[in-house]
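Visitor: I'd like to go through this one with you and ask how each label is earned. Could you put it up on the screen?

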Amino acid sequence: MVVRGNQTEDYILFMQGDVEDRALANDAAPWSNYLSRLKKDGKFTGGNAIGSGIYTNKNRAGKPLHDDITRFFRAGAENLGAAKLFVHGNRVYETGGKVEIHHLPRDE
């Protein structure tokens with residue numbers, strides 16, 4: 001989220017399936033603690049697991065994804081620097097996986 005004044009902006013975090021230890025990354029207790037913290041701070045605005053998929057376009061058949069995105073979260077932050085703090089405690093990040101953070105600009 002980009003903040004204008006005290007306004008919070010939306011960000012989306014995509015977690016990829018390239019973790020070093022899948023069992024540790026999927027441990028429910030740390031995920032619960034992490035999400036509870038984000039919810040308590042009022043930052044978490046939604047998210048879900050994501051199943052497998054393909055890349056596709058009009059002129060070619062679909063190709064399997066390489067680093068499948070396994071889940072996403074939507075959260076509010078004052079700026080990208082503040083949004084980067086959301087990875088601390090994130091099970092994918094903490095087990096060596098990639099987390100993408102994207103600003104979701106408002107359509108005006």
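What follows is a short chat about a few residues and one helix.

Visitor: Before we start, what kind of model is this?

Guide: It's a predicted model.

Visitor: Okay. Why is Glu-20 called exposed?

Guide: Glu-20 has 70% relative accessibility, and the exposed label needs over 50%, so Glu-20 counts as exposed. You'll find Glu-20 in the loop between strand S1 (9–16) and helix H1 (22–25). Setting aside neighbours within four places in sequence, Glu-20 is in contact with Thr-95 and Gly-96.

Visitor: And Asn-90, what makes that residue buried?

Guide: The cut-off is under 20%; Asn-90 comes in at 0% relative accessibility, so buried is the right word. Asn-90 also sits in a loop, this one between helix H3 (80–84) and helix H4 (91–94). Not counting residues up to four places away in sequence, Asn-90 touches Met-15, Trp-31, Tyr-34, Phe-73 and Val-99.

Visitor: How do you know that Asn-90 and Tyr-34 make a polar contact?

Guide: Their side chains are joined at 3.4 Å, and the limit for a pair of N or O atoms is 3.5 Å, so the pair qualifies. The Asn-90 side chain also reaches the backbone nitrogen of Val-92, at 2.9 Å.

Visitor: Which residues have the most contacts inside the largest nonpolar core?

Guide: Met-15, Tyr-34, Phe-73 and Phe-86, in a core of 19 residues. S1, helix H2 (28–40), strand S5 (69–77) and H3 each supply at least two residues of this core. H2 gives the largest share, with four residues.

Visitor: Let's stay on H2. How do you know that its length fits its 13 residues?

Guide: At 1.5 Å a residue, H2 should span 18 Å, and its end C-alpha atoms are 18 Å apart, so the two agree.

Visitor: Which residues of H2 are buried, and why say they line one face?

Guide: Trp-31, Tyr-34, Leu-35 and Leu-38 are the buried ones. Looking down the axis of H2, its buried residues fall within an arc of 95°, so they line one face of the helix. The general background is that an α-helix has 3.6 residues a turn, so residues three or four places apart point the same way. On the other side of H2, Asn-33 and Lys-40 are exposed.

Visitor: What makes Asp-27 a cap for H2?

Guide: A side-chain oxygen of Asp-27 lies 3.4 Å from the backbone nitrogen of Ala-29, capping the N-terminal end of H2. Just after H2, Gly-42 takes a positive phi of about 75°.

Methods:
Residues are numbered from 1 along each chain as its sequence is written. This is a predicted model: local features need pLDDT of at least 70, side-chain atom pairs count only at pLDDT 80 or more; totals for chains, interfaces and linings use all residues. Side-chain values use heavy atoms; hydrogens and water are left out. Buried means under 20% relative accessible area, exposed over 50%, partly exposed in between (1.4 Å probe, protein chains only). Contact means heavy atoms within 4.5 Å. A polar contact is a pair of N or O atoms within 3.5 Å; within protein, one must be able to donate a hydrogen and the other to accept it, and residues adjacent in sequence count only if both atoms are side-chain atoms. A nonpolar core is a set of buried Ala, Val, Leu, Ile, Met, Phe, Trp, Tyr and Cys residues joined through side-chain atoms within 4.5 Å. The expected span of a helix is 1.5 Å times one less than its number of residues. The arc is that of the directions from the helix axis to the C-beta atoms.
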